Amino acid sequence: MKRELRLHWLLLGSLICSTGGSLLWPLTTIYMHDYLHQSLTVAGTVLFFNSITLIIGSWLGGYIYDHGKVRFFLILSVLMQAASVFLLIFSMIGHILLFC
């Protein structure tokens, strides 16, 4: 028996992801300007390159989904994302311990 994803759940997930991504842009700008003491031009340039890489990544992900081994790349991307989160956590702990 094959299970299918209903369209309204797919749309809700897409809405949540898009909203979360959009909420990060102003926070990134404030963080870069206030805490890293960079100009707003640099913050805008970083967000521009972030948007470009998201476009390329979305296109590449769609191509891989249509033509490649979906399961392998899905597992690989989840593992890479988990490794990034753990590295971020441990780097933050290291910085906190350094200041103590």
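Visitor: Let me start with one residue: is His37 buried or exposed?

Guide: Buried means under 20% relative accessible area, exposed over 50%, and partly exposed in between, using a 1.4 Å probe and protein chains only. His37 has 66% relative accessibility, so His37 counts as exposed. Before we go on, this is a predicted model, where local features need pLDDT of at least 70 and side-chain atom pairs count only at pLDDT 80 or more, while totals for chains, interfaces and linings use all residues. Residues are numbered from 1 along each chain as its sequence is written, and side-chain values use heavy atoms, with hydrogens and water left out.

Visitor: What is the phi of His37?

Guide: Most residues other than glycine have a negative phi. His37 has a positive phi of about 55°, although it is not a glycine. You'll find His37 in the loop between helix 1 (7-35) and helix 2.

Visitor: How many helices and strands are there in the protein?

Guide: Both are DSSP runs numbered from the N terminus: helices are H or I with at least four residues, strands E with at least two. Here there are 3 helices and 0 strands, so from the N terminus on you read α-α-α.

Visitor: How much of the protein counts as buried?

Guide: Just look at the percentage: 3% of the 100 residues count as buried. The accessible surface, from the Shrake-Rupley method with a 1.4 Å probe, comes to about 9300 Å², and 74% of that belongs to carbon and sulfur atoms.

Visitor: Which backbone oxygen lies 2.8 Å from a polar atom of the side chain of Thr45?

Guide: That's the backbone oxygen of Thr41. Thr45 itself sits in helix 2 (residues 40-67), and at 35% relative accessibility Thr45 counts as partly exposed.

Visitor: How many aromatic pairs are there?

Guide: Rings of Phe, Tyr and Trp (its six-membered ring) pair if their centres lie within 6.5 Å; planes under 30 degrees apart count as stacked, over 60 as edge-to-face and the rest as tilted. By this rule the count is 4. One of them is Phe48 with Phe49, an edge-to-face pair at 5.4 Å centre to centre and 65° between the planes. Another is Trp59 with Tyr63, which is stacked, at 5.9 Å centre to centre and 20° between the planes.

Visitor: Where do Trp59 and Tyr63 sit relative to each other in helix 2?

Guide: Trp59 and Tyr63 are 4 residues apart, so about one helical turn separates them. Trp59 is exposed at 59% relative accessible area, whereas Tyr63 is partly exposed at 44%.

Visitor: What lines the largest pocket?

Guide: On a 1 Å grid over the protein atoms alone, a pocket is an open set of points with protein on both sides within 12 Å along at least five of seven lines, and lining residues have an atom within 4 Å of a point. The largest pocket has 15 lining residues, with Gly61, Phe73, Leu74, Ser77 and Val78 nearest its centre. Helix 2 and helix 3 (70-99) are the elements that give two or more residues to that lining, and helix 3 gives the most, with 9 residues.

Conventions: Polar contact = N/O pair within 3.5 Å; in protein donor to acceptor, adjacent residues only side chain to side chain. 1 Å grid on protein atoms, 1.4 Å probe; cavity = no way out; pocket = protein on both sides within 12 Å on 5 of 7 lines; lining within 4 Å.
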